[in-house]
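Here is a short walk through one protein chain. Keep the sequence and the 3D view side by side as you read.

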Amino acid sequence: MRLDEILNKIGSTKLIAVSKNVTENEVLELYSQGQMDFGENRVQELKRKKDVLHNLNLNWHFIGRLQANKINHLLALHPILWQSCESLSMALAVDKRLDYTLDCLLQINSAHEESKQGVDPNVAIDEFLRIKQSCKNLNLVGVMSIGAHSDDIKEIQKSFESTYKIYENLQKYGAKICSMGMSSDYELAIKCGSNMIRLGTILYK
């Protein structure tokens, strides 16, 4: 699907173009159409693309699982947003190595799936507040989740609604971003309140 078609469909929702399975050529193509925000899920690939495209003023988001031995490498890249803070312990590990303020999102495992990272929805509000209190260099600006891995639309919707409810409760504590929705379910995510989507496959067909 063309970028302009997607932008027309999503209205004011922020689009992050996930570039994890494509080369810098596809990034350049989207950039030429006005796309500025890109997401990577591996630190080394983020570094490679950022180096190759250093002359472009792109906004890079880190959206993958952050391994402890990659923390310094990620921080050196100064991503505009770390979308996948999965726990207080990881937040503390990142915070103590930061010498600048890094915007981040708390990842919530709203589908209760073992294969997914993120905090349990039942403790997400407390975890958000603990990170905010304990980590002076991390600026928590919202939440992120991945929809339930299911063919049942109701299950996917339920996981999005769970995340959005947490987001609503956190707005008074500074939450501005509710990042949920990917190529297969972004329209449903937007209906459930998402204001940021992460699209990959659909952009490169």
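In which loop does H78 lie? Look between α4 (71-76) and β4 (81-85): H78 is in the loop that joins them. The model is a predicted one. H78 has a positive phi of about 50°, although it is not a glycine. Its relative accessibility is 45%, so H78 counts as partly exposed; the exposed class begins over 50%.

A second histidine invites the same kind of look. H112 sits in the loop between β5 (102-107) and α6 (124-134). H112 also has a positive phi, of about 55°, and is not a glycine. What does its accessibility say? H112 counts as exposed because its relative accessibility is 54%, and exposed means over 50%.

Now step back to the whole chain. How many helices and strands does the chain have? There are 8 helices and 8 strands. The C-alpha trace spans about 40 × 40 × 30 Å along its principal axes. A compact globule of 205 residues would have a radius of gyration near 17 Å. The chain has 16 Å, so it agrees with that expectation. Of the 205 residues, 52% are buried. Contacts also reach across the sequence. Among contacts with a separation of 6 or more, 54% are between residues 24 or more positions apart.

Go next to helix α1, residues 3-10. Which residues of α1 are buried? They are L3, I6 and I10. These residues cover an arc of only 65° around the axis, and therefore lie on the same side of α1. What do they pack against? The partners of the buried residues are two strands, β1 (14-18) and β8 (196-199), and two helices, α2 (24-32) and α8 (186-191). Just after α1 comes G11, with a positive phi of about 60°.

Another loop is worth a stop. E86 is found between β4 and α5 (88-95). Leaving out residues up to four places away in sequence, E86 touches R65, Q117, G118 and V119. Follow E86 to L105 as well. They are 19 residues apart along the chain, and their C-alpha atoms are separated by 8.7 Å.

Finally, turn to the pockets. What is the volume of the largest pocket? The largest pocket has about 440 Å³. Its lining has 21 residues, and the closest to the pocket centre are V18, K20, N41, I63 and M182. By class, the lining of the largest pocket divides into 8 nonpolar, 9 polar and 4 charged residues.

The second largest pocket has a volume of about 210 Å³. Which residues line the second largest pocket? One stretch of the lining is I146, G147, A148, H149 and S150. K116, I153 and I156 belong to the lining too. M182, S184, D185 and L188 complete the list. The classes here are 6 nonpolar, 4 polar and 2 charged residues. Find M182 once more in the view. M182 is among the residues closest to the centre of the largest pocket, and M182 also lines the second largest pocket.

Methods:
Residues numbered from 1 in each chain as written. Predicted model: local features only at pLDDT ≥ 70, side-chain atom pairs only at ≥ 80, totals over all residues. Heavy atoms only, no water. 1 Å grid on protein atoms, 1.4 Å probe; cavity = no way out; pocket = protein on both sides within 12 Å on 5 of 7 lines; lining within 4 Å. Points joined across faces, edges and corners; volume = space filled by probe spheres on them. Nonpolar A, V, L, I, M, F, W, Y, C, P; charged D, E, K, R; others polar. Buried < 20%, exposed > 50% of the residue type's maximum accessible area, 1.4 Å probe, protein only. Helix = DSSP H or I, 4+ residues; strand = E, 2+ residues; numbered from the N terminus. Arc of directions from axis to C-beta. Contact = heavy atoms within 4.5 Å. Rg over C-alpha atoms; globule rule 2.2 N^0.38 Å.
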